[in-house]
Amino acid sequence: MTDRNTISDLFIIGGGINGCGIARDAAGRGLSVTLAEQGDLGGATSSASTKLFHGGLRYLEYFEFRLVREALQERETLLRAMPHISWPMRFVLPWQAGMRFDAQTPAARLLGRVMPWARGRRPAWMIRLGLFLYDHLGGRKILPGTATLDLSRAPEGAPLADGFARGFEYSDCWVDDARLVVLNARDAQARGARILPRTRVISARRAGDLWQVETEDSETGPRETHMARALVNAAGPWAGTVLQDRLGVQTPDRVRLVRGSHIVTRRLFDHDKAYILQGPDGRVVFALPYENDFTLIGTTDAEQADPDQPPRCSLAERRYLLEFVNRYLRQPVSDDDVVWSFAGLRPLYDDGAASASAATRDYVLRLDADGAPLLSVFGGKITTYRRLAQSALARLAPHFPGAGGDWTAGVPLPGGDFPVDGQAALAADLYTRYPFLSAAWADRLVRTYGTEAADLLGRARSAADLGRDFGATLTEAELRWLMRREYARTADDVLWRRTKLGLRLSRSQAMALDAWMTAQGAGAPVQHVAGQVAI
Ligand SMILES: Cc1cc2nc3c(=O)[nH]c(=O)nc-3n(C[C@H](O)[C@H](O)[C@H](O)COP(=O)(O)OP(=O)(O)OC[C@H]3O[C@@H](n4cnc5c(N)ncnc54)[C@H](O)[C@@H]3O)c2cc1C
């Protein structure tokens, strides 16, 4: 339906973390917002990250102090706003005196010049210096600082091969990236934003003082025209093609697409800390505890030019990741241990760096105010999405003098209104109020929905009151919640983004789920099944 009478203040292209973060921030300032996402919210890069709120220890070697400081400062602000989907995590960095690296980072080159005998190494003092900066650059109140570990005795040394006697430990945070996106979208909507998933922007043109935006329903095709005072291009990997092909705008700014792949294996270690592993190529790979029974290993850096080609973890990337971790593990992992893999495209700002690893991870905002304003977002991290949104609105502020000021710091996302260390207490309370839940089920619901878990369960007195069980505690009540409140339409939305129950459901269970959702007027063919993913 065409509605030319309604004019939004902002029209946002892209429902990844940056688009949804900007929508939430803008709506909370009193601006009217429409957001169009061509697929599922968070369906592109923002559900394929390593899922860390982190400063980025390795960026220190590139002297990216601004980015690292901002990201470090952000960690605790974000933790406070979403203690259900984000929590502190300790990272163990195993170290050996003889380790050699092919590192072309500015820090490594500087070291090689002033101390030629240390070329190709990361001496212990250099790591300690990096961790000292990491501890102090951004300030910490919740997260504990760096520690040194005797890996020959500490439990964190047990899964590691002989020779890793020494290690360093520091703090960062885990976050469920896909849920972060959808909770921002929900909060934006609660503050008045219009969120349109599965709606593609096919063109936008300046019309007088306004933008005229044409969209089409990505599934069924009907078109709609929208008018807006300003346009935000938050199309991530498509930011360049949206400018060129959809808006007809020429710009020297370029996006550099760098694919990052992850593999998920059965659980490889018995503690809740993560490993940050250094490779001879100078890169680092993480091995993270994942969804209780699994380990998440990633990532890679592979150039990929075309944003329309769905990113996949290639055989070579899978082999690279297995070989990488096997340099460290006592019990080697093999292909047979891999249950799932996924990949995403980093939409980096193209700063002309020689390698994909060296390209800046900082974000760049470009405002074209030659007529109705157009703001384009290049790059960025999950970690800096809130600050990026704040900066975006600061750039647009002269065009909206009546808009409110910054407000998002520490304001809870839906379900996040409880203390940072309150997850276990909330799960215990849920378990008491709903005695038919298992402890693991209560824990999963709290880590997914926080204080809203009780709203989802409502007046249920038994598991049967929650309707059909589709497997792994996924009930009809939860599905209805996801479809009504969280924009879920397909089995993939539910199994791989709103939850990660795709790791636990069998193919036939996933098919039954899809059939049920289709019968409700939603649904689409299941694309992924754990253990059977095409690589
Ligand atoms: C492998 C990997 C690991 C990472 N790990 C981390 C990490 O641990 N921590 C961290 O902080 N950051 C991490 N990042 C970076 C972070 O994931 C990204 O910077 C962030 O998700 C980008 O979000 P975005 O909203 O810009 O892009 P996206 O999430 O890709 O969103 C853009 C959206 O725009 C939509 N769109 C495009 N064209 C149109 C159109 N014409 N109409 C409507 N919609 C359109 C797309 O469908 C897409 O959903 C990682 C990235 C990768 C790839």
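I will go through two helix pairs and the ligand site in this structure, which is a predicted model.

Start with the ligand. It is surrounded by 37 residues. The closest are Glu37, Ser46, Leu52, Gly380 and Thr383. There are some polar contacts to point out. At isoleucine 17, a polar backbone atom is 3.2 Å from an oxygen atom of the ligand. At threonine 45 the side chain takes part, with an N or O atom 3.1 Å from a ligand oxygen atom. For lysine 381, an N or O atom of the side chain is 3.5 Å from a nitrogen atom of the ligand.

Isoleucine 17 brings me to the first helix pair, since Ile17 is also in the contact of α1 with α8. Helix α1 covers residues 17-28 and helix α8 covers residues 385-396. Their axes are 8 Å apart, and the packing angle is about 55°. That makes α1 oblique to α8. The crossing is right-handed. From α1, the contact uses Ile17, Asn18, Gly21, Ile22, Asp25 and Ala26. From α8, it uses Tyr385, Leu388, Ala389, Gln390, Ala392 and Leu393. By class, that is eight nonpolar, three polar and one charged residues.

Now the second pair. Which residues do α9 and α10 span? Helix α9 is residues 423-433, and helix α10 is residues 439-449. They pack at about 125° with axes 9 Å apart, and are therefore oblique to each other. This crossing is right-handed. Gln423, Leu426, Ala427, Leu430 and Tyr431 of α9 meet Ala439, Ala442, Asp443, Leu445, Val446 and Arg447 of α10. The contact of α9 with α10 has eight nonpolar residues, one polar and two charged.

Note on methods
Residues are numbered from 1 along each chain as its sequence is written. This is a predicted model: local features need pLDDT of at least 70, side-chain atom pairs count only at pLDDT 80 or more; totals for chains, interfaces and linings use all residues. Side-chain values use heavy atoms; hydrogens and water are left out. Axes are lines fitted to C-alpha atoms, for helices over the stretch in contact, and angles run from 0 to 180 degrees between N-to-C directions. Helices (H or I, at least four residues) and strands (E, at least two) are DSSP runs, numbered from the N terminus. Angles under 35 degrees count as roughly parallel, over 145 as roughly antiparallel, 65 to 115 as roughly perpendicular and the rest as oblique. A crossing is left-handed if the near helix is turned anticlockwise from the far one by less than a right angle, and right-handed if clockwise. Contact means heavy atoms within 4.5 Å. Ala, Val, Leu, Ile, Met, Phe, Trp, Tyr, Cys and Pro count as nonpolar, Asp, Glu, Lys and Arg as charged, and the others, Gly among them, as polar. A residue is near a molecule or strand if one of its heavy atoms lies within 4 Å of it. A polar contact is a pair of N or O atoms within 3.5 Å; within protein, one must be able to donate a hydrogen and the other to accept it, and residues adjacent in sequence count only if both atoms are side-chain atoms.
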